[in-house]
Amino acid sequence: MSDIGRKKRVTLGEVAKAAALSPAAVSRYLSGQLTLPETTSRRIQKAIRELGYRPNHHARSLSLGRSDAIGLVVPDINNPFFSNLAAAVERAAQARGMLMMLCATSNSLERELEYLHLLGAGVVDALVFATNHGDPDGQLAGMLNGDSRVVLLDEDVPGTDLFKVFSDNRQGGLLAGLHLIEHGHRRIAYIGGPCDLMSARERAEGLHDAVREAGGDAAIVSELFGSYTIAHGEAAMEEILDTMPGVTAVFSASDEILIGMLHVLRRRDMVVGRDISIVTFDDAGQLEILAVPVTAIRQPLKAMGERALDMAMDSLAGTRSPTVARLPVELIRRHSVAHLA
């Protein structure tokens, strides 16, 4: 056995002795049940660092009736948007002294329902839940409504009465559309996600808002809804190039869709910002290092993670009714939009 394997676990009593306090006081402090003067708190934290103390979360869950863990359910950890979102939630959980359990579903309803059972089993105290598909028969909504300790993140599930955190999708569509119109583009196409998802519809609605606000002869030539995937981005971009020769700009509803679009443009030796202009939504990948950095609507991932954790704590306390937060997005200007005369 290695030295690490033989190393004796540091106990709470040893921490208490080093901090010159009783074990009961240290235990209550670490569980959030006792507020101590700053100098005393520093003594405890110093003892924890120097001794290498690690709390026994299993023992704490037995004594306190909770796990001090939050579950995060996401559809696809290979998607940079969801991996970055998971990192934001993890940082927020760590700042609040919570563990985070990551649950990837491959966007499968069956897997989502399995992970919802973690709440009932007491494995986690609350769930932050992100899905990426519709719920035509209401099965998912019915399960979600069965426990108030669920926070919906990024995408809505119609018919649910829960805490929810979204970016302002409609504002993003408006910003993208106005940016394109201000650069002289009059025939614009939209490549969106599934038409039964709130995010895809709202981003399209924002684009329509921009056309109405700008007035004049700007128009949305086509709205091509599909999955939030590279494959859909490829197929839609091919359709635009083959059947809509007057389109000068495209608003992509996600970075994954954008990647598919870029594959098509490269195969056709077309240059972004010269032959076609693009604005995308998410800005979760490193779009600034592309040959032509792509202008994007940036979602506030850090703020979304923090707000979701705050709502999860509210759901545990049971002192507030569910609320919906829509966080502002930001237009990140790069070099993918040509200025037409």
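Which residues does Arg 187 touch, not counting residues up to four places away in sequence? Keep that in mind as you open the structure, which is a predicted model.

**Stop 1: Arg 187**

Select Arg 187, which sits in strand β6. Now show its contacts: Ala 219 and Val 221, then the run Gly 246, Val 247, Thr 248 and Ala 249. Add Ser 222 to the selection as well. Ser 222 is 35 residues from Arg 187 in sequence, but the C-alpha to C-alpha distance is 9.0 Å. Is Arg 187 buried or exposed? It falls in between: its relative accessible area is 40%, so Arg 187 counts as partly exposed, the class between 20% and 50%.

**Stop 2: the domains**

Zoom out and colour by domain. The assignment gives domain 1 as 12–64, domain 2 as 69–167 + 301–327, and domain 3 as 169–299. Drop a marker on the C-alpha centres of domain 1 and domain 3, and you should get 53 Å between them.

**Stop 3: helix α10**

Next, select residues 198–214, helix α10. Its end C-alpha atoms are 24 Å apart, which agrees with the span expected for 17 residues at 1.5 Å a residue. Colour the helix by burial and look for the buried positions, among them Met 198, Glu 202, Arg 203, Leu 207, Asp 209 and Val 211. Charged side chains are worth a click here, since Glu 202, Arg 203 and Asp 209 are on that buried list. Step past the end of α10 to Gly 215, where phi is positive, near 65 degrees.

**Stop 4: helix α12**

Move on to residues 255–267, helix α12. This one has 13 residues and reaches 19 Å from first C-alpha to last, close to the 18 Å expected. Its buried residues are Asp 255, Glu 256, Ile 257, Leu 258, Gly 260, Met 261, Val 264 and Leu 265. To see what covers them, switch on α6 (80–95), β6 (187–192), α11 (230–243), β8 (249–252) and β9 (277–282), which are included in the cover. You've met β6 already: it is the strand that holds Arg 187. After α12 comes Asp 269, with a positive phi near 55 degrees.

**Stop 5: the second largest pocket**

Leave α12 on screen and bring up the second largest pocket, with a volume of about 440 Å³. Of the 20 residues that line this pocket, Leu 262, His 263, Val 272, Leu 290 and Ala 291 are the closest to its centre. Which helix gives the most to the lining? That's α12, with 8 residues. Finish by colouring the lining by residue type: 13 nonpolar, 4 polar and 3 charged.

Key. Residues numbered from 1 in each chain as written. Predicted model: local features only at pLDDT ≥ 70, side-chain atom pairs only at ≥ 80, totals over all residues. Heavy atoms only, no water. 1 Å grid on protein atoms, 1.4 Å probe; cavity = no way out; pocket = protein on both sides within 12 Å on 5 of 7 lines; lining within 4 Å. Points joined across faces, edges and corners; volume = space filled by probe spheres on them. Helix = DSSP H or I, 4+ residues; strand = E, 2+ residues; numbered from the N terminus. Nonpolar A, V, L, I, M, F, W, Y, C, P; charged D, E, K, R; others polar. Domains from an automatic or database assignment. Expected span 1.5 Å × (residues − 1). Buried < 20%, exposed > 50% of the residue type's maximum accessible area, 1.4 Å probe, protein only. Contact = heavy atoms within 4.5 Å.
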